[in-house]
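Reader: Could you take me through this structure term by term? I want to see what each word rests on.

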Amino acid sequence: MYSELFDFLPRERIRINEPMKDHSSFKIGGPVDILVLPESVEEIQRTIHYCREKDIPYFIFGLGSNLLVRDKGIRGVAIKVGNNLRNFSIFNEEIFAEAGVRLAELSQAAADYNLGGLEFAEGIPGSLGGAVVMNAGAYGGEMKDVLKEVRAITPDGKLSSFKPEEMKLRYRGSIFQEEELIVVSALMQLRREKAEDIRARMQDFAKRRREKQPLEYPSAGSTFRRPSGFFVGPMIEEMGLKGFKVGGAEVSRKHAGFIINTGNASASEVLELIAIVKAKAKEHYGIELETEIKVVGEE
Ligand SMILES: Cc1cc2nc3c(=O)[nH]c(=O)nc-3n(C[C@H](O)[C@H](O)[C@H](O)COP(=O)(O)OP(=O)(O)OC[C@H]3O[C@@H](n4cnc5c(N)ncnc54)[C@H](O)[C@@H]3O)c2cc1C
């Protein structure tokens with residue numbers, strides 16, 4: 001069924017029946033039928049063209065740091081942008097980068113060139129593409145503050161440029177999530193600052209993360225979106241669920257807003273734990289918690 005992929009993709013860019021747990025920071029997830037590791041925008045375009053023609057479902061991801069892949073895995077093709085597409089260049093106060101570049105690498109490179117504005121991104125373990133799509137943010141900064149232009153592949157396979165006012169960037173959301181756009185690169189506007197000030201902020205953020213977040217365990221970051229007027233961690237703690245476990249999935253004792261994989265957690269255990277937390281939040285606070293992590297794969 002998938003043999004024609006080999007006509008336009010080199011063998012090493014295609015993996016068959018690949019375990020998604022090896023491609024998610026949660027270390028959870030069954031196999032995807034075909035994993036494609038594109039090296040260029042054209043390879044992405046050709047892959048989605050092929051999938052559309054053959055009516056094969058496809059899924060795009062970056063580095064899998066905001067994903068929970070179900071235990072049965074993903075049917076069809078998954079395209080991992082975060083493996084390659086990792087070029088970037090800095091000119092004056094702007095950085096142009098491909099979607100696969102790691103945010104942490106961009107943040108470090110900006111600091112090396114005395115450019116401030118990306119310090120918040122230092123500890124976010126995703127790709128630039130994933131960060132644009134999610135409007136990733138931390139410690140008062142977010143992608144919205146720096147994005148000047150984004151290039152994305154539209155559902156008809158063409159490349160299109162988006163200006164900030166067209167991106168609909170908001171708390172963990174953007175037009176790229178709503179309209180099935182594939183982010184391939186972004187231009188960011190930073191500002192010249194003293195290197196020691198930039199580094200001091202980065203060190204402070206890294207210290208706060210190490211102290212507060214369960215970085216020693218696999219996770220997908222904050223499990224839930226922040227409901228207005230509340231902080232999820234303290235809320236869950238007050239409900240008495242800190243440390244609560246379903247199999248290998250645990251509400252972190254260090255930060256109750258994170259569900260962690262303490263060993264061999266399955267996706268269904270994580271989902272059961274999420275359902276328990278949601279039900280309690282509804283009962284205690286009358287709040288419908290929404291997941292921030294993206295749950296994908298066959299049910
Ligand atoms: C320890 C830890 C700490 C974290 N801290 C933070 C934090 O402080 N702030 C924060 O915002 N997030 C945080 N996260 C979550 C995560 O790192 C971010 O959401 C990140 O931006 C996701 O990038 P990714 O490349 O891993 O995306 P993925 O997880 O691969 O994908 C996330 C979503 O984006 C889509 N997507 C990814 N790339 C593309 C693309 N190129 N084009 C179109 N769609 C795409 C996917 O389909 C999926 O829906 C944390 C995660 C962990 C594990």
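Author: What follows is a set of short questions and answers about this model.
The model is predicted: local features need pLDDT of at least 70, side-chain atom pairs count only at pLDDT 80 or more, and totals for chains, interfaces and linings use all residues. Residues are numbered from 1 along each chain as its sequence is written.

Reader: What makes a stretch of this protein a helix or a strand, and how many are there of each?
Author: Both are DSSP runs, numbered from the N terminus: helices are H or I with at least four residues, strands are E with at least two. The protein has eight helices and 19 strands.

Reader: Why is the protein called as compact as a globular protein of its length?
Author: The radius of gyration is taken over C-alpha atoms, and the globule rule is 2.2 Å times the number of residues to the power 0.38. For 299 residues the rule gives 19 Å, and the protein has a radius of gyration of 19 Å, so it is as compact as a globular protein of that length. The C-alpha trace spans about 55 × 55 × 30 Å along the principal axes.

Reader: What makes Val277 buried?
Author: A residue is buried if 20 or more other C-beta atoms, placed from the backbone, lie within 10 Å of its own; it is exposed if 12 or fewer do, and partly exposed in between. Val277 has 24 such atoms within 10 Å, so it is buried. Val277 lies in helix 8. Across the protein, buried residues make up 43% of the 299 residues.

Reader: Which residues is Val277 in contact with, and what counts as contact?
Author: Two residues are in contact if their C-beta atoms, placed from the backbone, lie within 7 Å. Leaving aside neighbours within four places in sequence, Val277 is in contact with Ile236, Leu241, Val251 and Leu289. In the protein, among contacts between residues at least 6 apart in sequence, 63% join residues at least 24 apart.

Reader: What makes Asp55 exposed, and what is its phi?
Author: Asp55 has 7 other C-beta atoms within 10 Å, so it counts as exposed. Its phi is positive, about 60°, although Asp55 is not a glycine. Asp55 sits in the loop between helix 2 (41-54) and strand 3.

Reader: And Asn92: buried or exposed?
Author: Asn92 has 10 other C-beta atoms within 10 Å, so it is exposed too. Asn92 belongs to the loop between strand 6 and strand 7. Its phi is near 50°, positive in a residue other than glycine.

Reader: How do you know that strand 6 and strand 7 pair?
Author: Two strands pair if DSSP finds at least two bridges between them. Strand 6 and strand 7 (residues 94-98) have four bridges, in the antiparallel sense. One bridge partner is Glu94 in strand 7, for Phe91.

Reader: Which sheet has the order 6-7-13-11-12, and why are strand 6 and strand 12 at its edges?
Author: It is an open sheet of five strands with antiparallel pairing. Strand 6 (88-91) and strand 12 (159-162) each have a single partner strand, so one side of each is left without a neighbour in the sheet. Strand 11 and strand 13 pair over six bridges, with Ile153 opposite Ile182 in strand 13. Strand 11 (residues 147-153) and strand 12 pair over four bridges, where Arg151 stands opposite Ser161. These two strands form a hairpin with five residues between them, and Gly157 in the turn has a positive phi of about 90°.

Reader: What about the sheet with the order 15-18-17-16?
Author: This open sheet has four strands, paired antiparallel. Strand 15 and strand 16 (245-246) stand at the edges, each with a single partner strand, so one side of each lacks a neighbour in the sheet. Strand 17 (residues 249-251) and strand 18 (residues 258-261) pair over three bridges, and Val251 has Ile259 as bridge partner in strand 18.

Reader: Which residues are the closest to the ligand, and what counts as near?
Author: A residue is near a molecule if its C-beta atom, placed from the backbone, lies within 6 Å of it. The ligand is surrounded by 33 residues, and the closest are Gly62, Gly126, Gly129, Gly130 and Gly221. Helix 4 gives the largest share of this shell, five residues.
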